[in-house]
Amino acid sequence: MPKDTRPSRYDILFEPVRIGPKLAKNRFFQVPHCNGGGYRDPSAVVEMRRTKAEGGWGVIFTEQTEIHHTSEITPFIEQRLWDDRDIPALARMAEAMKSHGALAGIQMAYSGINGPNLYSREVPRAVSPGPILTFTADPVQARPLDRDGIRDLRRWYRKAFRRAQDAGFDIVCLYGAHGFGILQHFLSRATNRRSDEYGGSLENRARFVTELIEEAREETKGEMAISIRMSLHEDGPLGFSNAEVREFIEMKADLPDLWDLAQGTWDACSGTSRFKDEGAQEALVRGIKALTSKPVVGVGRFTSPDAMVRQVRQGILDFIGAARPSIADPFLPQKIEQGRFEDIRECIGCNICVSGDMTGAISRCTQNPTFMEEWRKGWHPERVAPRGKSDRVLIAGAGPAGLEAALVLGRRGYQVTLAEAGTTLGGRVARERALPGLSAWGRVADYRAGQIAPMPNVSVHYESRLSAAEVLDFGFQHVAVATGAVWRRDVVARHHLDAIPQAGLPVFTPDDLMAGQGPFGGTVLLYDDDHFYMGSVLAELLVARGCRVEFVTPAAKVAEWTENTLEQRLIQSRLMSLGVTLHLSQAPQAIGPGGARTVCTYTGQARDIAADAVVMVTSRVAADSLGPDLAARRADWAAAGITSVTVIGDADAPAPIAWAVYAGRRYGEELDGPDIGDALPFRREIAQRTE
Ligand code: ADP
Ligand code: SF4
């Protein structure tokens, strides 16, 4: 749709906005976000940012860029500006960001009390001494910055400002949010326990940031815009509360060129859709714009153009800040600009992207499987290669893997037949979206179903559970088996490698509960050896059904992998407040009439738990035998005209939804590609000796 057919109420989003000496072309502001790559994978990060530039963002930021080797939050997934040799890689980043007219921003960080310095081995320096406050509770303390130390730090920042300008950036963002940046450590009484001129009153606590901004202006000759990224609220009796934040902004109203407001901790700011709605920080940010003449940016997992317009019209925000929505759809601004609302790939708020950062891996996105593969694999969120030498493809199963494969192959121009056993598209997400808190996950299916619907070359067939014999009868050139997985009914997963005695009690699986079966009352023992979201979500469902829930897990905490999606504390506290009884570090030994005997995973001490039913959340196995059946009849393929049969997604190996979408993408991208033999299927950077 051409630009001028966009309804005029969205025009406000495309007005240019001044940020100090710079002019942003529109109000779409990609706030700094991690990506699991950092300085270790510079080209992957550069091309990821370039894709956002192409997608129409007005401002694009780097992730946390550490300015000095005396402070690093993780050993390898942030950017670094430690000395001049870091400039070329960051210059490439700035060039990529500016390639389509966006302003290029660099987020500068000195982590202070949040940097354990595991790589540099320097003694951490903080505003006040104390244990390092990382997620991983590193057993390291920081020493306080004395006056000389503060002077050193200001000099290091000055050097970083110079280097950032030399690298070609337009905006410097001083990081003081999420508890991670030293500006916040100075501002907050929780981390600033000083009694000199940098501690005590708000004016004193604001001294460092004031000096820093003045020096940034001086060093960059007023040519760069300077912003502060700060938390809107820090919990705790001494925390930098929203009231104090407002006092500070009023006091220093015109100090930075832009106020970039994030929620509180990273967990609070990047809440999942299970716990936080779109625009959740509105109450904390409303009214701040009136305290300053400088523009204000805020975040809120914004994917709805109407919500964005309302925030701007009501004078809450000047810029629509986005990290995850820009990951899920780098082309969000362009799609709104062109009125292509139905093409927006909305973030589902699952925080799989965050888990990449938390585990030190290249980040994935559930909705956008091309994220961080722009350089590594040459994938693009909106473009695909034209069709290769073959033509007709059959995909069995319309879950995330099958739908994504159909979408990519459809775009490439293949004749695609998508056969689905059931009556809906989406596979597991069609079922899981009905569970408590997971409705946004349905977007995985809705986006893809919406995209393939108008494609004349993709035909969808429902109630078509295919057998190997039928597939051989059809005679497609390529067959993708994306038939998914089902949950096991026994304990076999991580803790138990074999089944245990299991008789006398009804046992249900997550699939049963999602199909509306299972207990609607009584006491249910839920055994979770999966450790992601399913166990706790089903506990919530069972409570809503009127059951009493005994939650048994061999782990020392509920849903322990959700530390990586920033949800663990929220999940455990929700279950506790719902009255779910937690049996941590326990695993069932036997299930019999009336309940289960469990044993402590540390001491082996036994415990009897009375129950009327059991729900097993353990592991999954392939849903049907289509893949193995076709493999067994390999000798018949040629006569049927079949060249390849490929099992993808959960049918291949069960994993989170993002893995299935990725598998579908990969199948679609690589069909008819060259045989690369044993070569690596992605590009990587190999460190060169530099001295
Ligand atoms: P994935 O996560 O790998 O995409 P899902 O379990 O979400 O897998 O989806 C698999 C889909 O495949 C389900 O919708 C299921 O109904 C469908 N399916 C399972 N077996 C067959 C089959 N033999 N033929 C066609 N569709 C099937
Ligand atoms: Fe959104 Fe999930 Fe993608 Fe992160 S991984 S951007 S939360 S859809």
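In which loop is Gly 300 found? In this predicted model, Gly 300 belongs to the loop between strand 13 (296-298) and helix 10 (305-313), and with a relative accessible area of 12% it is classed as buried, because the cut-off for that class is under 20%. When neighbours within four places in sequence are set aside, the residues in contact with Gly 300 are Asp 277, Glu 278, Gly 279 and Gly 321. Gly 300 and Ile 320 are separated by 20 residues in sequence, with a C-alpha to C-alpha separation of 8.6 Å.

Ile 320 also appears among the contacts of Leu 13, which, apart from neighbours within four places in sequence, touches Asn 26, Arg 27, Phe 28, Pro 305, Met 308, Val 309, Val 312, Ile 320 and Ile 336. Leu 13 is itself part of the largest nonpolar core, a set of 114 residues in which Leu 13, Tyr 157, Phe 169 and Phe 248 touch the most other members. Helix 3 (residues 147-166) supplies the largest share of this core, namely seven residues. A further core of 62 residues lies apart from it and includes Leu 538, Val 558, Ile 657 and Ala 663. In soluble globular proteins, nonpolar side chains tend to be buried together. On the surface, by contrast, a nonpolar patch is formed by Tyr 39, Phe 76 and Tyr 119, whose accessible area together is about 290 Å². Of these residues, Tyr 119 is located in the loop between strand 6 (103-109) and strand 7 (125-126), and its relative accessibility of 48% makes it partly exposed.

In helix 16 (residues 443-452), the buried residues are Val 444, Ala 445, Tyr 447, Arg 448, Gln 451 and Ile 452. These residues lie on the same side of helix 16, because the arc that they cover around the axis is only 165 degrees. Their packing partners are helix 14 (400-412), strand 16 (415-419), helix 15 (428-432), strand 17 (458-461) and helix 23 (657-670). One of the buried residues, Gln 451, has a relative accessible area of 12%, and, with neighbours within four places in sequence left aside, it is in contact with Glu 342, Asp 343, Leu 407 and Arg 411.

The count of salt bridges comes to 55. Side chains of opposite charge can pair when their charged atoms come close. In one such pair, Lys 289 is joined to Asp 318, with the closest N and O atoms 3.0 Å apart. Lys 289 lies in the loop between helix 9 (282-285) and strand 13, whereas Asp 318 lies in the loop between helix 10 and strand 14 (319-322), so that this salt bridge ties together parts 29 residues apart in sequence. Lys 289 is partly exposed at 23% relative accessibility, while Asp 318, at 12%, is buried.

Arg 428 takes part in a salt bridge with Glu 432, at an N to O distance of 3.1 Å, and in another with Asp 650, at 3.3 Å. The partners Glu 432 and Arg 428 both lie in helix 15, four residues apart, or about one turn of the helix, and both are buried. Asp 650, for its part, is located in the loop between strand 29 (644-647) and helix 23, so its pairing with Arg 428 of helix 15 ties together parts that are 222 residues apart in sequence. Asp 650 is buried, as is Arg 428. Elsewhere, salt bridges with shared partners link Arg 158, Arg 162, Asp 166, Glu 218 and Glu 219 into one network.

Conventions
Residues are numbered from 1 along each chain as its sequence is written. Chains are lettered from A and ligands numbered from 1 in the order in which they are written. This is a predicted model: local features need pLDDT of at least 70, side-chain atom pairs count only at pLDDT 80 or more; totals for chains, interfaces and linings use all residues. Side-chain values use heavy atoms; hydrogens and water are left out. Buried means under 20% relative accessible area, exposed over 50%, partly exposed in between (1.4 Å probe, protein chains only). Helices (H or I, at least four residues) and strands (E, at least two) are DSSP runs, numbered from the N terminus. The arc is that of the directions from the helix axis to the C-beta atoms. Contact means heavy atoms within 4.5 Å. Patches are made of residues with over 30% relative accessible area and no salt bridge: like charges are joined within 9 Å, nonpolar side chains (Val, Leu, Ile, Met, Phe, Trp, Tyr) within 5 Å. Accessible areas come from the Shrake-Rupley method with a 1.4 Å probe; for residues, only the protein chains shown count as cover. A salt bridge is a side-chain nitrogen of Lys or Arg within 4 Å of a carboxyl oxygen of Asp or Glu. A nonpolar core is a set of buried Ala, Val, Leu, Ile, Met, Phe, Trp, Tyr and Cys residues joined through side-chain atoms within 4.5 Å.
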